[in-house]
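Open the model in your viewer and keep a selection panel handy. We will go from one helix to its neighbours, then step back to the whole chain.

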Amino acid sequence: MPRSYVHEARRRVGPKRERVRPIIERLRAVHPDAGIALRSRSDLELLVAVMLSAQTTDVNVNKVTEKLFAKYRRPEDYLAVQPAELERDIFATGFFRQKTKALRGTMTMLLEEFDGRVPDDFDDLLRLPGVARKTANVVSAERGRPVGIVVDTHVRRLSQRLGLTKQEDPVKIEQDLMRLVPREEWAIFPHLLIWHGRRVCIARRPLCEECVLNDLCPSSRVDAAPAPRPELSK
Ligand code: SF4
């Protein structure tokens, strides 16, 4: 895209600081059901489901965990079977060998250092084998204590299209978003972008004509509307 066009598009929609609240409000209105799609009934199940969700879909994980959580209820249960059995039980989520190793390492540390419970502290979560920043972020946010903003492929794409970041690296994108998004919205914000990314701002073919953000988005393929935006003129 020519630089002059990008510049004009950014000028048309206005500063990102002024757009972020209307973006959140409109997305909340059109996706009132936005939230984590992974099913869990405890902190341990949440942690396991998020660990299994790497490189696969939430639907796929939910199918696997429906049986898994009936069989493995406590950290000890993951260590009571041979690794090959756990590998078979999570096979359908892909990367089953690495995930089995991570699950067994995590369960061992939970038992040895945290009394068999999922720790509250973000840095403790990050010490668990196979738990990277994204997993720790999701777990903390779902427990009502977000310490950052989850950046997945949808969050990355939409943040860039909406002109909220120019970065490519997920950690730098997260830093940009944390400076921009009000703290009380850190937990819901990624869900709003993820659901909008799945339903409207699709990777290959964004449905800009149907998008409630098309007058706030510098990447919109819809011609700029001449009418002023009431939220921005307040
Ligand atoms: S206007 Fe188009 S590019 Fe922008 S957020 Fe909506 S669907 Fe995505």
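Start by selecting helix α3 together with helix α9 (residues 133-142): the two pack at an angle of about 145°, and their axes are 10 Å apart. Keep in mind as you look around that this is a predicted model. Turn the view until one helix lies over the other, and you will be looking at a right-handed crossing of α3 and α9.

Now show side chains. Which residues of α3 meet α9? On the α3 side, pick Leu46, Leu47, Val50 and Met51; their partners in α9 are Thr135, Val138, Val139 and Glu142. Colour this contact by residue class and you get 6 nonpolar, 1 polar and 1 charged residues.

Keep α3, which spans residues 43-52, and swap α9 for helix α4 (residues 58-71). Here the packing angle is about 140°, with the axes 10 Å apart. That angle makes α3 oblique to α4. The crossing of α3 past α4 is right-handed.

For the side chains of this second contact, select Glu45, Ala49 and Leu52 in α3, then add Val61, Val64, Thr65 and Phe69 from α4. By class, the contact of α3 with α4 holds 5 nonpolar residues, 1 polar and 1 charged.

Time to zoom out. How many helices and strands does the protein have? Switch to cartoon and count 12 helices and 0 strands. Taken along the principal axes, the C-alpha atoms fill a box of roughly 65 × 30 × 30 Å.

Next, give each domain its own colour. Domain 1 is made of two segments, 9-35 and 150-229, while domain 2 covers 43-142. Their C-alpha centres lie 31 Å apart. Where the domains touch, 4 residues come from domain 1 and 4 residues from domain 2. The domain 1 side of that contact has 3 nonpolar residues, no polar ones and 1 charged.

For the last stop, select the ligand and the residues around it. Which of the 13 residues there come nearest? They are Cys201, Pro206, Cys208, Cys211 and Cys217. Colour the whole shell by class to finish: around the ligand there are 9 nonpolar, 3 polar and 1 charged residues.

Note on methods: Residues are numbered from 1 along each chain as its sequence is written. This is a predicted model: local features need pLDDT of at least 70, side-chain atom pairs count only at pLDDT 80 or more; totals for chains, interfaces and linings use all residues. Axes are lines fitted to C-alpha atoms, for helices over the stretch in contact, and angles run from 0 to 180 degrees between N-to-C directions. Helices (H or I, at least four residues) and strands (E, at least two) are DSSP runs, numbered from the N terminus. Angles under 35 degrees count as roughly parallel, over 145 as roughly antiparallel, 65 to 115 as roughly perpendicular and the rest as oblique. A crossing is left-handed if the near helix is turned anticlockwise from the far one by less than a right angle, and right-handed if clockwise. Two residues are in contact if their C-beta atoms, placed from the backbone, lie within 7 Å. Ala, Val, Leu, Ile, Met, Phe, Trp, Tyr, Cys and Pro count as nonpolar, Asp, Glu, Lys and Arg as charged, and the others, Gly among them, as polar. Domain bounds come from an automatic or database domain assignment. A residue is near a molecule or strand if its C-beta atom, placed from the backbone, lies within 6 Å of it.
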